[in-house]
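Biologist: Please take me through one part of this model at close range. I would like to start where the metal sits and work outward from there.

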Amino acid sequence: MFSKIKACLFDLDGVLVDTAKYHYAAWKRLAESLGVPFTEHDNEQLKGVSRVDSLAYILNKGNIQSNQTQRQQWMDIKNEWYLELVSGMQQNELLPNVVSFLAELKTHGIRIGLGSSSKNAQLILDKTGIVNYFDTIVDGRHTTNSKPHPEVFVKGAQQLQCSPAETVVFEDAISGIEAAIAGGFYAIGLGDARTLEKAHFVIPSLENFSYQQLVDLPIFR
Ligand code: B16
Ligand code: MG
């Protein structure tokens with residue numbers, strides 16, 4: 001069912017950069033301004049989840065009723081606070097081994113795409129100086145269905161002119177692994193193997209991972 005790897009699709013937050021801490025700070029500030037406690041556990045539930053669905057989670061937790069105009073204002077405020085936090089990001093905020101791994105994939109002719117829920121993905125790729133590694137960028141601005149729907153990865157593979165069977169997805173969120181599996185991709189989870197049990201294979205992070213280890217996975221031999 002899986003064939004020789006031709007492309008890799010990367011989630012952004014939690015795979016290439018650690019922006020989860022900035023999302024956490026901004027959502028916590030908003031939630032607490034609305035009288036809703038917001039913990040690291042809550043933040044874990046929001047990884048890979050769109051802005052709209054993240055706000056819905058907080059409002060649901062606080063049992064807060066609202067209309068569309070109010071919700072948009074809250075999302076805009078959260079995003080302003082988030083942008084203040086990420087505006088100073090630099091290449092040193094990339095997670096370990098990211099640049100080397102992307103460079104290694106390029107050397108071997110593997111096509112590279114981004115598949116992120118974030119509408120701020122382009123900005124973060126620019127700030128961290130890795131935008132030129134990407135042959136395509138699909139993010140929250142180009143999709144109507146958020147993860148666990150496979151749309152973001154299906155579009156990415158289409159733009160790279162590769163089938164899901166020859167494309168590997170790297171994801172840190174449960175919703176993202178589900179999206180990759182639903183789309184027929186080979187899913188590599190980054191993080192805790194129990195949390196990401198639906199992934200085909202789990203590694204702690206891209207640190208210590210190489211192109212050779214990827215192509216040596218039994219499934220691709
Ligand atoms: P924004 P990913 C996701 O990015 C984040 O994990 C998630 O926490 C965030 O709510 C979502 O992007 C939307 O982000 O508000 O910047 O559009 O992990 O899919 O790269
Ligand atoms: Mg993520």
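Modeller: Asp11 and Asp13 are both buried. Keep in mind that this is a predicted model.

Both residues serve the metal. The magnesium ion (ligand 2) is coordinated by Asp11 through OD, by Asp13 through O, and by Asp172 through OD. The distances run from 2.0 to 2.2 Å. Along the chain, the donors of this magnesium ion follow the spacing D-x1-D-x158-D.

Next comes ligand 1. There are 17 residues around ligand 1. Val49, Ser116, Ser118, Lys119 and Asn120 come nearest. Three side chains offer an N or O atom to look at. For Ser118, the distance from such an atom to an oxygen atom of ligand 1 is 2.7 Å. For Arg51, an oxygen atom of ligand 1 is 2.8 Å from a side-chain N or O atom. For Lys147, the corresponding distance is 2.9 Å. Ligand 1 on its own has 470 Å² of accessible area, and the protein covers 97% of it.

Now move along the chain from the metal-binding aspartates. Asp18 sits in the loop between β1 (7–10) and α1. Is Asp18 buried or partly exposed? Its relative accessibility is 30%, so Asp18 counts as partly exposed. Leaving out residues up to four places away in sequence, Asp18 touches Glu93 and Leu95. Ala187 is 169 residues from Asp18 along the chain, and their C-alpha atoms are separated by 20 Å.

Follow the contact to Leu95. Leu95 lies in another loop, between α4 and α5 (98–107). At 27% relative accessibility, Leu95 counts as partly exposed, because buried means under 20%. Beyond four places in sequence, Leu95 touches Gly14, Val15, Leu16, Val17 and Asp18. Ile64 is 31 residues from Leu95 along the chain, yet the two C-alpha atoms are separated by 36 Å.

After the Asp18 loop comes helix α1, residues 20–33. Does the length of α1 agree with what a helix should give, and why? Its 14 residues, at 1.5 Å a residue, should span 20 Å. The end C-alpha atoms are 20 Å apart, so the two values agree. The buried residues of α1 are Ala20, Tyr22, His23, Tyr24, Ala26, Trp27, Leu30 and Ala31. An α-helix has 3.6 residues a turn, so residues three or four places apart point the same way. What covers the buried residues of α1? The cover includes α2 (40–46), α3 (51–61) and α4 (68–86). Gly35 follows α1, and its phi is positive, near 80°.

Last, look at Phe201, in strand β6 (residues 201–203). Phe201 has 32% relative accessibility, so it counts as partly exposed. Setting aside neighbours within four places in sequence, Phe201 is in contact with Tyr186, Ala187, Ile188, Gly189 and Leu217. Ala187 is thus a contact of Phe201, and Ala187 is also the residue whose C-alpha atom is 20 Å from that of Asp18. Phe201 and Lys4 are 197 residues apart in sequence. In space, C-alpha to C-alpha, they are 16 Å apart.

To retrace the route: the magnesium ion is held by Asp11, Asp13 and Asp172, Asp18 touches Leu95, and α1 is covered in part by α2, α3 and α4 at its buried residues.

Methods
Residues numbered from 1 in each chain as written. Chains lettered and ligands numbered in written order. Predicted model: local features only at pLDDT ≥ 70, side-chain atom pairs only at ≥ 80, totals over all residues. Heavy atoms only, no water. Helix = DSSP H or I, 4+ residues; strand = E, 2+ residues; numbered from the N terminus. Expected span 1.5 Å × (residues − 1). Buried < 20%, exposed > 50% of the residue type's maximum accessible area, 1.4 Å probe, protein only. Contact = heavy atoms within 4.5 Å. Donors = N, O, S within 2.8 Å, 3.2 Å for Na, K, Ca; no water. Near = heavy atom within 4 Å. Polar contact = N/O pair within 3.5 Å; in protein donor to acceptor, adjacent residues only side chain to side chain. Areas by Shrake-Rupley, 256 points an atom, 1.4 Å probe, with all protein chains shown as cover.
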